[in-house]
Amino acid sequence: MAIGSQIAVGIENARLYDELAQREQLRGELLEKVIVAQEDERKRIARDLHDDTSQSLSALIYSLEAVEASCSGSPIRASLATMRQRVAQILDGIHKLIFDLRPSMLDHLGLFVSLRWYAETHLQPLGMHVHLEERGPTRRLLPQTETALFRVVQEAINMLRNIQARATCV
C-alpha cells in the first residue's frame, strides 16, 4: 500500500511537472509574440513618422526658404529664418525619435555599427568618451537577438543620460 501510494505521488508529480513545462513554454511563446508585435508597431510608427511627418516638415522648410528668399530687405525675413530654424530642429528631433523607435541602421548595417553610432550620438555630447571594439569574426546574429541586445544597450545609455542630467542639476 505504501509503495503504491508513493508511485501515485510520483506519477502525479511527473504530470504536474509536464504541465508546468508546457505552461512555461507557452508563456515563452506568448512573450516572444508580444515582443515581435511591439517591434512591428515600432517599425510602423517610425515609418509613418518618416513618410508623413518628416516629409511634411522638410517641405515646410523648403517653403519657408523660398518665402524668406523673396523677402530680402523685409522685416519679416528674420522671423521667417527663425521659423525655418525651429522647424529644422523639430525635424532633427523627429529623426532621433524615429531612430529610437526602430533603428533602420540595425537592419542594414548590423548591431555593432548601430550600437557605436547610438552611443556616440547620445553620450559624446555629454562629454562621455565612447570606445567599442568588435572582436572575432564579423557575423550577424538573429534579428530578434540583435534587436534585444540593442534595446538593452539603449536602455543603459538612457539611464546614463538620466544620471548625467540629474548630476548636472545638483
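Good morning. I begin with Gln-154, which is placed in helix 5. Please bear in mind throughout that this is a predicted model. Gln-154 has a relative accessibility of 8%, so this residue counts as buried. If we set aside residues up to four places away in sequence, Gln-154 touches Asp-100 and Tyr-118.

Let me now turn to helix 5 as a whole. Helix 5 has 27 residues, and at 1.5 Å a residue they should span 39 Å. The C-alpha atoms at the two ends of helix 5 are 39 Å apart, which agrees with that expectation. Which residues of helix 5 are buried? They are Glu-146, Thr-147, Phe-150, Arg-151, Gln-154 and Ile-157. In an α-helix there are 3.6 residues a turn, so residues three or four places apart point the same way. As for what covers the buried residues of helix 5, the cover includes helix 1, residues 2-70, together with helix 2, helix 3, residues 104-109, and helix 4.

My next topic is the aromatic residues. The structure holds 4 aromatic pairs. In one of them, Phe-99 and Tyr-118, the ring centres are 6.0 Å apart and the planes stand at 20°; planes under 30 degrees apart count as stacked, and therefore this pair is stacked. Phe-99 belongs to helix 2, residues 77-101, and Tyr-118 to helix 4, residues 111-123, so the pair ties together parts that lie 19 residues apart in sequence. Both Phe-99 and Tyr-118 are buried.

Phe-99 also forms an aromatic pair with Phe-150. Here the arrangement is edge-to-face, with 6.0 Å from centre to centre and 80° between the planes. Why does this pair tie together parts that are 51 residues apart in sequence? The reason is that Phe-99 lies in helix 2, whereas Phe-150 lies in helix 5, residues 143-169. With regard to burial, Phe-99 has a relative accessibility of 9%, and Phe-150 has a relative accessible area of 1%. The cut-off for buried is under 20%, so Phe-99 counts as buried, and Phe-150 is buried as well. Ring pairs link Phe-99, Trp-117, Tyr-118 and Phe-150 into a cluster.

I close with a residue of helix 2, namely Ala-81. Ala-81 has a relative accessible area of 15% and is buried. Ala-81 and Ala-69 are 12 residues apart along the chain, and their C-alpha atoms are separated by 9.7 Å.

To return to the starting point, Tyr-118 is a member of the ring cluster, and Gln-154 of helix 5 touches Tyr-118. Thank you for your attention.

Key. Residues are numbered from 1 along each chain as its sequence is written. This is a predicted model: local features need pLDDT of at least 70, side-chain atom pairs count only at pLDDT 80 or more; totals for chains, interfaces and linings use all residues. Side-chain values use heavy atoms; hydrogens and water are left out. Rings of Phe, Tyr and Trp (its six-membered ring) pair if their centres lie within 6.5 Å; planes under 30 degrees apart count as stacked, over 60 as edge-to-face and the rest as tilted. Helices (H or I, at least four residues) and strands (E, at least two) are DSSP runs, numbered from the N terminus. Buried means under 20% relative accessible area, exposed over 50%, partly exposed in between (1.4 Å probe, protein chains only). Contact means heavy atoms within 4.5 Å. The expected span of a helix is 1.5 Å times one less than its number of residues.
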